[in-house]
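Trainee: I would like to go through the salt bridges of this model. Can we take them one at a time?

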Amino acid sequence: MGNKSVRTRPKRATAPTTTGKQTRLTASRKKGRSGIIVATILSAVLLLTVVLTVRALDNASSKVAVINGSEVTDQELSFYMRQLRSQVQNEWQQRHGQILTAQDWTIQQNGQSPLQLLQQRALDEIKRDKALLLTAQKQGLIGGISYADITADMEQENQRRAQDIASGNIVYGLSSFTPESYYSHLLTALRTELKKRLGQQDGDPLYVSDDEVQQYFDQHPEDWTAGVSKYELTRLTVPADQQHKANLQPNLYADMQRLSFVQLQQKYGVHDSEKVTLSPEGSISQASYNNELINQLQTATDTKAPILIETSKGFEVYRLDHTAVDKQAALQTYKVQIAATLQEQRLDAYIQHQQQQLAVTLYPDQLHTVLASFS
């Protein structure tokens, strides 16, 4: 019996079993990722802590004053100094007769340099504004009153306005504020709101009564006569064609200053004068000669001086003989404006009183640093 070959089917190759190893690798990767996340979070927290610490240290080092617990930083002081630079330059020129150059700001006269005067004026202005801001804060009209708070509010307002413009909405006033324009806008708005809040009823510090309006009107009647006065005048008409007006006007004006009405009549051959009664409500239109005459009567500093009006037919010379004022009509016309004037004065006095009560602490070293770095 011969040898019989037997074929055997080769076994398929199978991958080595690695389940345990893969599990260990997956677990290791998860641990690695978790470690990275934790490390990232810790790094972010550490970075935030460092940033906050640096900011706190920066704020502490930049503090130049404290007013009623509100810190004044070097940024705020420099901001006010830039605002007041031109004003102080004019003040120095009037006081010392010197036009300041860039090199003159640190040179002292009588123990003070222009730069030191500028810083003092800036601190005074900061105190006045802080008194207003603190008063508004007590009334709930504003939150933070630091320079950082106000400039942050400005950025939010600018973003809001930009969004409104992009959406096609109407934006009143400026489309974007600078720190200078925002401070002015804010302080004006707060003054308006304080007058409303503190002047609503009898007993409020800014309240103005009808009796006070009447008293103020009686004490200053000359300030409230425009629009309610009747003017009695004498008029001379001096005829002149267009060709001769240019030569006649300077001569006539000069004669008005030195000659009486009778002498003017004689010199210019005007035989008759006219009596005229004029009131603002009687003027025909804004282009009429009457309106020009009324404007000159209302703004004249010397009521005895004659007034010259050019007309299409020549010139008219007026002499004011008498002014009659309807006091009752004047009071009714101007009582709202008088009340607003009194309330504005009262607010100024109120803020000044608040300013006098402020607790102010200055830091000379930091103030000197601002002086040294200001440009």
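Trainee: Is arginine 160 buried, partly exposed or exposed?

Mentor: This is a predicted model, in which local features need pLDDT of at least 70, side-chain atom pairs count only at pLDDT 80 or more, and totals for chains, interfaces and linings use all residues. Residues are numbered from 1 along each chain as its sequence is written, and side-chain values use heavy atoms, leaving out hydrogens and water. Buried means under 20% relative accessible area, exposed over 50%, and partly exposed in between (1.4 Å probe, protein chains only). The relative accessibility of arginine 160 is 39%, so the residue counts as partly exposed.

Trainee: Which residue meets arginine 160 in a salt bridge at 3.0 Å, N to O?

Mentor: A salt bridge is a side-chain nitrogen of Lys or Arg within 4 Å of a carboxyl oxygen of Asp or Glu. The partner lies four residues away in helix α4 (residues 147-166), about one helical turn from arginine 160; helices here are DSSP runs (H or I, at least four residues), numbered from the N terminus. The partner is buried, with a relative accessible area of 18%. The residue is aspartate 164.

Trainee: How far apart are the closest N and O atoms of glutamate 344 and arginine 191?

Mentor: Glutamate 344 is partly exposed, at 28% relative accessibility. The two side chains form a salt bridge, and the N and O distance is 2.6 Å.

Trainee: What is the relative accessible area of aspartate 255?

Mentor: Aspartate 255 and lysine 267 form a salt bridge (2.8 Å, N to O). Lysine 267 is partly exposed at 48%, whereas aspartate 255 is buried, at 4%.

Notes:
Helices (H or I, at least four residues) and strands (E, at least two) are DSSP runs, numbered from the N terminus.
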